[in-house]
Amino acid sequence: SKPINQPNQELMRKGEEAMSSKLWEVAAHHYECLLTSEDLDDKQRAMASIRLAEAMIRDGKSTQALELLEQSQLQEHSETRFWRGQALAATGRFAQAVETLKQQLTSELPSLAVHRLEAGLTASSLELALDQPQEALKTLSLVSQGTEGIQSQRIRLRQIHILLDLGRTEEARELMPSKEQLETNLQSEADFTEAAILLREQNHEGAAQLYQQLVENPQNLSLRQFHESWIGWTDALLGQGMDTEAAELLLDYLQKHPESGLLEEVFKRLLTALPEQPAPSDPILTRLETWITPTELPALGLIPNEECLAVSAWPTVSDFNDLTAFSLYVRAVGLHRQESLESAHEAEMLLNRLWLEFPTHFLASRALLTKARWHLDANQLEDAHYLLLALRETATSPLIKGRAAFLQAHSIAGTGSKPIEAAELYQKSSEFLQGQEADTARFNGALIQLIQSETVPSAPETPEIKD
């Protein structure tokens, strides 16, 4: 390779500085200028193209990067497969990305070993996203070969978490390294992993102590691990029957981290900690009320369409607030449990507001499903069936569609008036549900058909669908 001339050296330097400063667009500009030079040999041109592709990927222009990486002069470059895999992942083509990245792992050519660790970790993460945990474990085992020190230990901790997700707690325990084997910088991450194992081993007291230490001293934890430590601490308290303490911890967390990405997990546990019949002054319901901001809906009025041929009275809303949406739902469920006419009315109004103000939030369809169940419990079948039909036709979640069909089927089967329709609805629900819920739907549908053919007296099973 011939020496790069001074102007081109300067462009390369500026590109590298911009990359170091995470100024991806600026870096791409410098590399594009460099590639216009005719005074580059093939090796220098290939390196500039690889760096340009990297800048594009980091700048969210992965489609353009893929086109660049298809150039013939880059096909044998040591970094091409890695960046092609990253670009494929960024465009949502996970399976192709995994295949490409694992080629980087299995290649016997020393020149292609560059980015081997990063390729393996990315591939395993994508396999988890594709619901292929076993493949992710195999990939991590492959990456660990020839890997030493802190990276090898970090890979082992990742494997342990996958094993825990698979319910293989004993294997996870066997793989867990001792503190003496770990690098100092990994001690907090190892404590996080140890706490997760203790929780699965039902050692709730030990898990609570470790999680509490991590929350109070989160040094060297990732932001997600820090937030998950709060969740783990809560689970450890709930496991000891300390619902009140768990609720206080969750409310404290929400007060400090109202924009957390784990709000769904937090509110799911708040529902668990909520008493079966909460008092009007229940601390959970009281705190939730403070997070339910005043409605921002404008007054209803006539809104002409573009051709001014029709009018509408549908309000528009600004971007929703996740904390408010979750607070509306959980407070509504809590109020409904109080079993008074006043609280029941307020609960329904809260769900109405959730559906109206947050129509694109996943809780909107759950709110309608909950209202439908309340109507069924009150024997208000017509109102319930109207909501369930709407959910079956408009919900985007397969689970909500399936549960709506199941509840409607169960309601119809209970009246005994339209058994064939009930059987068909059970069958439809089984196509959307999974696991035991799907099995119950298929069983109930088959049972109704058997009753119709042989007049065997029986009743369909009732599903357990929690708030």
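These exercises walk through a predicted protein model.

**Exercise 1. The overall picture**

Find how many helices and strands the protein has, and what share of its residues is buried.

Solution. Start with the secondary structure. The protein has 23 helices and 2 strands. Next, take burial. Of its 467 residues, 45% count as buried. Then turn to the surface. The accessible surface comes to about 25300 Å², and 50% of that belongs to carbon and sulfur atoms. Last, look at contacts. Among those between residues at least 6 apart in sequence, 54% join residues at least 24 apart.

**Exercise 2. Two aromatic pairs**

Classify the ring pair Phe 192 and Tyr 211, then the ring pair Trp 230 and Tyr 253.

Solution. A pair of aromatic rings is described by the distance of the centres and the angle of the planes. The protein has 8 aromatic pairs. For Phe 192 and Tyr 211, the centres are 6.4 Å apart and the planes stand at 75°. An angle over 60 degrees counts as edge-to-face, and that is the class of this pair. Now place the two residues. Phe 192 lies in helix H11 (residues 187–200) and Tyr 211 in helix H12 (residues 204–216), so the pair ties together parts that are 19 residues apart in sequence. Both Phe 192 and Tyr 211 are buried.

Move to Trp 230 and Tyr 253. Their ring centres are 5.2 Å apart and their planes meet at 55°, so this pair is tilted. Trp 230 sits in helix H13 (residues 223–239) and Tyr 253 in helix H14 (residues 243–256), so the pair ties together parts 23 residues apart in sequence. Trp 230 and Tyr 253 are both buried. Ring pairs also link them with Phe 226 and Trp 233 into a cluster.

**Exercise 3. Helix H12**

Check the span of H12, then find which helices its buried residues pack against.

Solution. First, the span. H12 has 13 residues, and at 1.5 Å a residue it should span 18 Å; its end C-alpha atoms are 18 Å apart, so the two values agree. Second, burial. The buried residues of H12 include His 204, Gly 206, Leu 210 and Tyr 211. Third, the partners. The buried residues of H12 pack against H11 and H13.

**Exercise 4. The nonpolar cores**

Name the residues that touch the most other members of the largest nonpolar core.

Solution. This core has 74 residues, and the ones sought are Tyr 211, Leu 254, Phe 267 and Leu 354. Its largest share, 9 residues, comes from helix H17 (residues 322–337). Take Leu 354 as a case. Beyond its neighbours within four places in sequence, Leu 354 contacts Ala 325, Leu 328, Tyr 329, Pro 359, Leu 363 and Ala 367. Apart from the largest core lies another, of 34 residues, with Ala 28, Leu 66, Leu 74 and Val 98 among them.

**Exercise 5. Two asparagines in loops**

Give phi for Asn 220 and Asn 379, then decide whether each is buried, partly exposed or exposed.

Solution. Most residues other than glycine have a negative phi. Asn 220 has a positive phi, near 70°. Asn 220 lies in the loop between H12 and H13. Its relative accessibility is 42%, so Asn 220 counts as partly exposed. Asn 379 also has a positive phi, near 60°. Asn 379 is in the loop between helix H19 (362–377) and helix H20 (381–394). With a relative accessible area of 59%, Asn 379 is exposed.

Notes
Residues numbered from 1 in each chain as written. Predicted model: local features only at pLDDT ≥ 70, side-chain atom pairs only at ≥ 80, totals over all residues. Heavy atoms only, no water. Phe/Tyr/Trp six-rings, centres within 6.5 Å; stacked < 30°, edge-to-face > 60°. Helix = DSSP H or I, 4+ residues; strand = E, 2+ residues; numbered from the N terminus. Buried < 20%, exposed > 50% of the residue type's maximum accessible area, 1.4 Å probe, protein only. Contact = heavy atoms within 4.5 Å. Areas by Shrake-Rupley, 256 points an atom, 1.4 Å probe, with all protein chains shown as cover. Core = buried A, V, L, I, M, F, W, Y, C linked by side-chain atoms within 4.5 Å. Expected span 1.5 Å × (residues − 1).
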